[in-house]
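Biologist: I have a model open and would love to walk through it with you. Shall we take it step by step?

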Amino acid sequence: MSDERSKFEFKIKKEYALIVAVIAAAIIFAIVGVKKPTTTTAAVPVEKTETERYVENLENKLSGTLSGVKNAGKVSVLITVDGCVESIYATDEKIVEEDGKKIVTTTIVTSAGKPMEIGKKFPDIIGVVVVAGGADDIGVKMALLDAVTTSLKISCNKVQILAR
């Protein structure tokens, strides 16, 4: 009987030792943590889309123009557009009449294997925000508003003029 009791006590001590070992491992793991392998990546310059270049160009030109307004101060411009710049290609239409029905076939004209671009359609401007140092003066604010609506051919409800 004493032999069984010592085996039982040994099993309990073994289980406690196992539990203590697992808890210690968990604590060490929590403190040290899992180190992720470090990888270095070179910064790859991302080329801007044609729409982003178009908007940036408009913002820069407008900002420069508005900075020239008397007492406007430092000016920043944000323009939002609906859609993107679209290319317009030359097309060729052929109309064939069969059994009294007209069939229209439209194909894009190519030159040297590439579509022939004849123009671009620029996206509609849906909003303009102007932040200017002198915009707290109503006269400056109105001059800025007039300049934006005239230069971009948009209505005044699409423009917000804010003071710095």
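**A walk through the model**

Modeller: Happily! Let us begin with Ser63, whose place is in helix α2. Do keep in mind that this is a predicted model.

Biologist: Is Ser63 buried or exposed?

Modeller: The cut-off for buried is under 20% relative accessible area. Ser63 has 15% relative accessibility, so it counts as buried.

Biologist: Which residues is Ser63 in contact with, leaving aside its neighbours within four places in sequence?

Modeller: Ser63 itself sits in helix α2. With its neighbours within four places in sequence left aside, its contacts are Val75, Ser76 and Val77.

Biologist: Let us step back a little. In what order do the elements of the protein chain run from the N terminus on?

Modeller: The protein chain has three helices and nine strands. Reading from the N terminus, their order is α-α-β-β-β-β-β-β-β-β-α-β.

Biologist: And which strands form the open sheet with mixed pairing?

Modeller: This open sheet has three strands, and its pairing is mixed. The twist averages 15 degrees from one strand to the next. In order, the strands are β1-β8-β9.

Biologist: Which strands stand at the edges of that sheet?

Modeller: Look for strands with a single partner strand, since one side of each is then left without a neighbour in the sheet. The edge strands are β1 and β9.

Biologist: What stands opposite Thr80 in β8?

Modeller: β1 and β8 run antiparallel and are joined by eight bridges. In β8, the residue opposite Thr80 is Gly127.

Biologist: Which strands does α3 touch where it packs on the sheet?

Modeller: α2 also packs on the sheet, touching β1 and β8, and its direction makes about 145 degrees with that of β1. For α3, the direction makes about 145 degrees with that of β9. The strands that α3 touches are β1, β8 and β9.

Biologist: Now for the interior. Which element gives the most to the largest nonpolar core?

Modeller: That core has 23 residues, and Ile79, Val128, Val148 and Leu152 touch the most other members. The elements giving two or more residues to it are α2 (50-67), β1 (75-82), β8 (124-132), α3 (138-152) and β9 (159-163). With five residues, the element that gives the most is α3.

Biologist: What does Leu152 touch, not counting residues up to four places away in sequence?

Modeller: Leu152 is one of the core residues that touch the most other members. Once residues up to four places away in sequence are set aside, Leu152 touches Leu58, Leu62, Ile79, Ile125 and Val128.

Biologist: I would like to check the rings too. Are the rings of Tyr54 and Phe122 stacked or edge-to-face?

Modeller: Tyr54 is in helix α2 and Phe122 in the loop between β7 (117-121) and β8, 68 residues apart. Their ring centres are 4.6 Å apart and their planes are at 25 degrees. Planes under 30 degrees apart count as stacked, so this pair is stacked.

Biologist: How far apart in space are Tyr89 and Met116, C-alpha to C-alpha?

Modeller: Tyr89 is found in strand β2 (residues 86-89). Leaving aside neighbours within four places in sequence, its contacts include Met116. The two are 27 residues apart in sequence, yet their C-alpha atoms are apart in space by 5.6 Å.

Biologist: How many buried residues are there in strand β3?

Modeller: Strand β3 (residues 91-98) has eight residues and is hardly covered. Its count of buried residues is zero.

Biologist: In β4, what is the bridge partner of Lys94?

Modeller: β3 and strand β4 (residues 101-108) run antiparallel, with eight bridges joining them. The partner of Lys94 in β4 is Thr105.

Biologist: Which residue takes a positive phi in the hairpin of β3 and β4?

Modeller: Most residues other than glycine have a negative phi. This hairpin has two residues between the strands, and a positive phi near 50 degrees occurs there. The residue is exposed, with a relative accessible area of 81%, and its name is Asp99.

Biologist: And where is Asn71 found?

Modeller: Asn71 has a positive phi of about 70 degrees although it is not a glycine. At 56% relative accessibility, Asn71 counts as exposed. Asn71 is found in the loop between α2 and β1.

Technical notes: Residues numbered from 1 in each chain as written. Predicted model: local features only at pLDDT ≥ 70, side-chain atom pairs only at ≥ 80, totals over all residues. Heavy atoms only, no water. Core = buried A, V, L, I, M, F, W, Y, C linked by side-chain atoms within 4.5 Å. Buried < 20%, exposed > 50% of the residue type's maximum accessible area, 1.4 Å probe, protein only. Helix = DSSP H or I, 4+ residues; strand = E, 2+ residues; numbered from the N terminus. Contact = heavy atoms within 4.5 Å. Pairing = 2+ DSSP bridges. Axes fitted to C-alpha atoms, helices over the stretch in contact; angles between N-to-C directions. Phe/Tyr/Trp six-rings, centres within 6.5 Å; stacked < 30°, edge-to-face > 60°.
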